[in-house]
Amino acid sequence: MKKLLIILLVTVLFSCNNNESKQGNKNQVDTQSISENKIKVLNMASFHMGLTNDANSVEYDENSLKSINENHSIAKLLSEFNPTVIIVERQPKYNDKLQKEYIKYKNNPKMKFKRTSEIQLLAYELGRISNVNKIYGIDHKMPYNYILIDSLAKNMNEKTYLDFMDYYGPISETEYENGNTLDKLKLENKPEYLDYTIAYNADIMTHISTDNNFEGADVATEYYKRNLRMYSNLNKIPLKQNDRVFILLGTSHSAFFRDFINRSPKYELVDIFKYLK
């Protein structure tokens, strides 16, 4: 009787271990399957090369032959990613107009634009040489009361905020200003600079508030909200599993998207420095 009980106990333990092993293998396969099925995304930060409403802008002659040639050289580097879809910082309501202009450029790359930006200089050229059929805008406009926050900070003499806003960031200002377009984009895409832009545009605002109020945090919330809505616009686009998506956004937006995509069960972030050489 004792031997029979021992045999039964061993059988039960073996069965449990076997089931746990199968479950573990299943979870491993599922995780691997999810990773393999993710849509590849190349998310690139850029300064705005044309007219911009942003609080900060870069001195840049977007219409010069030098700028055009530099951007076209960068597009050639990025074409190694083999994009199938291009995403830019333009509101979705303009997508039909954007698509028509892009097709005109594909057919006539010498065409002139009323307004030239990184979209025309870089995104269009990348799409043309990669034979991308679709381009989409995902921007979402929202107002921010930065003037109020700056005024409050100065009245409060809030040292943490004021010192940070005078700080250029974790890149050399001289190196940035003296660099060509590729040099600038390499600096814009440094992980530590992407972190800095989120702090500069949102998180640092949380240091500013009056009694029983959250003025700075509320402004920061609006900026997070804008970027989440932009990300929602991306998720509305009918992408296929084998699509390879190139995203070109202003640096702080790209910084948020880096974080969103890194946590996503749908997308896989590709290292931009594999191509920005």
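**Exercise 1. The chain as a whole**

About how much area does the chain expose, and what share of it do carbon and sulfur atoms supply? Then describe how the chain is built up.

*Solution.* Keep in mind that you are looking at a predicted model.
- Step 1: The exposed area of the chain is about 16000 Å², and 52% of it is supplied by carbon and sulfur atoms.
- Step 2: Now look inside. Of the 277 residues in the chain, 44% are buried.
- Step 3: Go through the secondary structure, and you will find eleven helices and five strands.
- Step 4: Turn to the contacts with a separation of 6 or more: 81% of them join residues 24 or more positions apart.

**Exercise 2. Two helices and their surroundings**

Find helices α10 and α11, and work out which residues of each are buried and what covers them.

*Solution.* Take the helices in turn.
- Step 1: Helix α10 runs over residues 215–235, which gives 21 residues. From first C-alpha to last it reaches 31 Å, close to the expected 30 Å.
- Step 2: Mark the buried residues of α10, among them Y223, R226, M230, Y231 and L234.
- Step 3: Look for their cover: it includes the strands β2, β4 and β5, along with the helices α5, α9 and α11.
- Step 4: Move on to α11, which has twelve residues and reaches 16 Å, close to the 16 Å expected.
- Step 5: Ten of those twelve residues are buried, so α11 is largely enclosed by the rest of the structure. Including F256, F257, R258 and F260, the buried set also holds H253.
- Step 6: The cover over the buried residues of α11 includes α8, α9, α10, β1, β4 and β5.

**Exercise 3. Aromatic pairs**

Which kind of pair do the rings of Y105 and Y124 form: stacked, edge-to-face or tilted? Do the same for Y144 and Y223.

*Solution.* We need two values for each pair.
- Step 1: A pair of aromatic rings is described by the distance of the centres and the angle of the planes.
- Step 2: A search of the whole structure finds 20 aromatic pairs. In the pair of Y105 and Y124, the centres are 5.8 Å apart and the planes meet at 40°, so this pair is tilted. Planes under 30 degrees apart would count as stacked, and over 60 as edge-to-face.
- Step 3: Place the two residues. Y105 belongs to helix α3 and Y124 to helix α4, so the pair ties together parts that are 19 residues apart in sequence.
- Step 4: Check their burial: Y105 has a relative accessible area of 2%, and Y124 has 0%. Both values are under 20%, so Y105 and Y124 count as buried.
- Step 5: Y144 and Y223 make an edge-to-face pair, with 5.1 Å from centre to centre and 65° between the planes. This pair links distant parts of the chain, since Y144 is in the loop between β3 and α5 while Y223 is in helix α10, 79 residues apart.
- Step 6: Y223 is buried too, at 4% relative accessible area. Y144 and Y223 also belong to one aromatic cluster that includes Y231, F256 and Y267.

**Exercise 4. Charges over rings, and one serine**

Which residues lie over the faces of Y176 and F81, and is S79 buried or exposed?

*Solution.* Three short looks will do.
- Step 1: Over the face of Y176 you find K184, 5.5 Å from the ring centre.
- Step 2: Over the face of F81 you find R244, 4.4 Å from the ring centre.
- Step 3: S79 sits in the loop between α2 and β2. Its relative accessibility is 14%, so S79 counts as buried.
- Step 4: Leaving out residues up to four places away in sequence, S79 touches L126, I129 and S130.

Methods
Residues are numbered from 1 along each chain as its sequence is written. This is a predicted model: local features need pLDDT of at least 70, side-chain atom pairs count only at pLDDT 80 or more; totals for chains, interfaces and linings use all residues. Side-chain values use heavy atoms; hydrogens and water are left out. Helices (H or I, at least four residues) and strands (E, at least two) are DSSP runs, numbered from the N terminus. The expected span of a helix is 1.5 Å times one less than its number of residues. Buried means under 20% relative accessible area, exposed over 50%, partly exposed in between (1.4 Å probe, protein chains only). Contact means heavy atoms within 4.5 Å. Accessible areas come from the Shrake-Rupley method with a 1.4 Å probe; for residues, only the protein chains shown count as cover. Rings of Phe, Tyr and Trp (its six-membered ring) pair if their centres lie within 6.5 Å; planes under 30 degrees apart count as stacked, over 60 as edge-to-face and the rest as tilted. A charge sits over a ring if NZ of Lys or CZ of Arg is within 6 Å of the ring centre and within 35 degrees of the ring normal.
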